[in-house]
Every structure is written in structure tokens, then in C-alpha cells.
Amino acid sequence: MEAVAMDCEMVGLGPFRESGLARCSLVDYYGAVLYDKFIRPEGEITDYRTLVSGITPRHMEDATPFAVARLEILQLLKGKLVVGHDLKHDFKALKENMSNYAIYDTATDRLLWQKANLHYCRRVSLRVLSERLLGRRIQNSRSGHSSVEDARATMELYRISREIRGR
């Protein structure tokens, strides 16, 4: 089954700052970008979460409307293994039931954690897995996370996981 890695960035919507999709990046098995767009979520943005998301009001000026982006993204995910880290948040932001998809999630791969000498942890961040297994630092920019960088990291970790399992 063909694999595609997904990472999304969210902003806060409404008075309770509920997560809304503001950027989605998809990369193929080799890290080539298949999709990378800023997305105008449904609802009023009340928190851009710029330090984490990297999203600013300027990004929303020409952003793709959520309904359009959602259909584009789901079409690209159809029939593929979806790779990512803590994907439940990304699927929730897409308003999509993840049980309809084949999933590989670095946030739940205990063999990967063991290789990183993190088997004693209850939760493991993508940043720490990347430092330990890929030998590089991600998510350390002052301008927020890069969803392309994060999607590429999860795909590289997926490839390591396949090696561990002899696939």
C-alpha cells in the first residue's frame, strides 16, 4: 500500500479556541511534497498560535477555504497508508473519521520508541523521536513548526520502523 505522510497546523477558533485546520502538508514515501496549503478554517480565528503553528493573519489572506481543502486532502489520502504523529488531532481538524483509513502513527509505535531508548515514556514527542533516531532537530524555529518538515520526519521514522520489522 502506498504511504503518504500528513501533518497539520491548527489555530484556535471562537471563544473556547477550539482547533481549526490552518495548514496541511502531505509528502510521499521519499519526502516529496504532494500538498502544502494554508487553509481558511470555518469560524472566527481567535488565536493564531503562531509560536507553535507558524500561522499569521497574512497566511489567511489567500488561504484555501476549508471545504475545498478538505476535499482535496481526502482525495489524496484515499486508498493510502496515512503516516503521521498523533494523527487523531489532524483527522479531527479535517472533520474526518480516521477509522476509515489505514494508519501508521509514530506516537503509538512502541518498537520505534524502544529503538530511541524511550520505552519507559508514557508519551513521546515527534521532536524527541527525530533527535534520537534521525539525528536532527525539528520544531525549533522561532517562527513556529513547519508541517512539511514534520511530515517528512514522520515518513522517515516510518521507514525506520519498517526496517526494524524487516519489511
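A crossing of two helices is called left-handed if the near helix is turned anticlockwise from the far one by less than a right angle. That is the case here for α6 and α7, whose crossing is left-handed. Keep in mind that this is a predicted model.

**The α6/α7 pair**

Let's start with α7, which covers residues 147–164. Its 18 residues reach 26 Å from the first C-alpha to the last, close to the 26 Å expected at 1.5 Å a residue. Quite a few of its residues are buried: Ser 147, Val 148, Asp 150, Ala 151, Ala 153, Thr 154, Met 155, Leu 157, Tyr 158, Ile 160 and Ser 161. After α7 comes Gly 166, with a positive phi near 70°.

Its partner α6 spans residues 126–134, and the two axes come within 10 Å, crossing at roughly 55°. The angle is neither under 35 degrees nor in the 65 to 115 range, so the pair counts as oblique. On the α6 side, Leu 126, Leu 129, Ser 130, Leu 133 and Leu 134 take part, and they meet Asp 150, Ala 153, Thr 154, Glu 156, Leu 157 and Ile 160 of α7. Sorted by class, that contact has seven nonpolar, two polar and two charged residues.

Ser 130 deserves a closer look. This α6 residue is buried, with a relative accessible area of 0%. Setting aside neighbours within four places in sequence, Ser 130 is in contact with Gly 135, Arg 136 and Ile 138, plus Ala 153 and Leu 157.

**Ala 3 and what surrounds it**

What does α7 have to do with strand β1? Ala 3 is found in β1, which runs over residues 3–13, and among its contacts beyond four places in sequence are Met 155 and Tyr 158. Both of those are on the buried list for α7. Ala 3 is also in contact with Asp 28, Tyr 29, Leu 81 and Val 83. It counts as buried because its relative accessibility is 6%, under the 20% cut-off. Val 27 is 24 residues away along the chain, with 8.9 Å between its C-alpha and that of Ala 3.

**Two loop residues with positive phi**

Most residues other than glycine have a negative phi. Here are two that don't:

| Residue | Phi | Loop | Relative accessibility |
|---|---|---|---|
| Lys 95 | near 55° | between α4 (87–93) and β7 (102–105) | 52%, exposed |
| Asn 117 | near 60° | between α5 (110–115) and α6 | 46%, partly exposed |

Asn 117 brings us back to α6, since its loop lies between α5 and that helix.

Notes: Residues numbered from 1 in each chain as written. Predicted model: local features only at pLDDT ≥ 70, side-chain atom pairs only at ≥ 80, totals over all residues. Heavy atoms only, no water. Helix = DSSP H or I, 4+ residues; strand = E, 2+ residues; numbered from the N terminus. Expected span 1.5 Å × (residues − 1). Buried < 20%, exposed > 50% of the residue type's maximum accessible area, 1.4 Å probe, protein only. Contact = heavy atoms within 4.5 Å. Axes fitted to C-alpha atoms, helices over the stretch in contact; angles between N-to-C directions. Nonpolar A, V, L, I, M, F, W, Y, C, P; charged D, E, K, R; others polar.
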